[in-house]
Amino acid sequence: MSSLDRTVHAIGAGLLISLGLLSLRLKDPRLKRIASNLITVVGGVLLADAVLHLLPNAIAEFIYGSHR
């Protein structure tokens, strides 16, 4: 994993933690909904990044594993 990828993961994890703690402290329902949507977006980006790393490896293993 490259240093840029580790940096993106660290920033994403930090954002998830910060937004989670912020959403617990918010009282206004509108701001709570905004924080919830941001948590969903950041989590989705991190999940998509994980899929982009895992999917090519799984496809390559399937293709080259069937040629043995």
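## Exercises on a two-helix chain

S23 is buried, with a relative accessible area of 15%; buried means under 20%, exposed over 50%, and partly exposed in between (1.4 Å probe, protein chains only). This is a predicted model, where local features need pLDDT of at least 70, side-chain atom pairs count only at pLDDT 80 or more, and totals for chains, interfaces and linings use all residues. Residues are numbered from 1 along each chain as its sequence is written, and side-chain values use heavy atoms, leaving out hydrogens and water.

**Exercise 1.** Find which residues S23 touches, not counting residues up to four places away in sequence.

*Solution.* Start by placing S23: it is found in helix α1. Helices are DSSP runs (H or I, at least four residues), as strands are (E, at least two), numbered from the N terminus. Next, look for contacts, meaning heavy atoms within 4.5 Å. With that cut-off, S23 touches K32, A35 and I39. Now turn to α2, where A35 is buried, along with V42 and D49. What covers the buried residues of α2 includes α1 (3–25).

**Exercise 2.** Compare the reach of α2 with its expected span.

*Solution.* First count: α2 has 37 residues. The expected span is 1.5 Å times one less than the number of residues, which gives 54 Å for α2. From first C-alpha to last, α2 reaches 52 Å, close to that value. For a second look along the model, take L55 and R33: they are 22 residues apart in sequence and 32 Å apart in space, C-alpha to C-alpha.

**Exercise 3.** Work out whether L47 and L55 are buried, partly exposed or exposed.

*Solution.* L47 is found in α2 (residues 29–65), and L55 also has its place in α2. L47 has a relative accessible area of 58%, so it is exposed. L55 has 47%, so it is partly exposed. Finally, see what they belong to: L47, V51, L55, I59, F62, I63 and Y64 form a nonpolar patch on the surface, with about 750 Å² of accessible area together.

**Exercise 4.** Decide whether the chain is a compact globule or more spread out.

*Solution.* Begin with the parts: the chain has 2 helices and 0 strands. Its radius of gyration is 17 Å, well over the 11 Å that the globule rule gives for 68 residues, so the chain is more spread out than a compact globule. Here the radius is taken over C-alpha atoms, and the rule is 2.2 Å times the number of residues to the power 0.38. Then check the outline: the C-alpha trace spans about 60 × 25 × 10 Å along its principal axes. Last, buried residues make up 12% of the 68 residues.

Note on methods: Patch = residues over 30% accessible without salt bridge, like charges linked within 9 Å, V, L, I, M, F, W, Y side chains within 5 Å. Areas by Shrake-Rupley, 256 points an atom, 1.4 Å probe, with all protein chains shown as cover. Salt bridge = Lys/Arg side-chain N within 4 Å of Asp/Glu carboxyl O.
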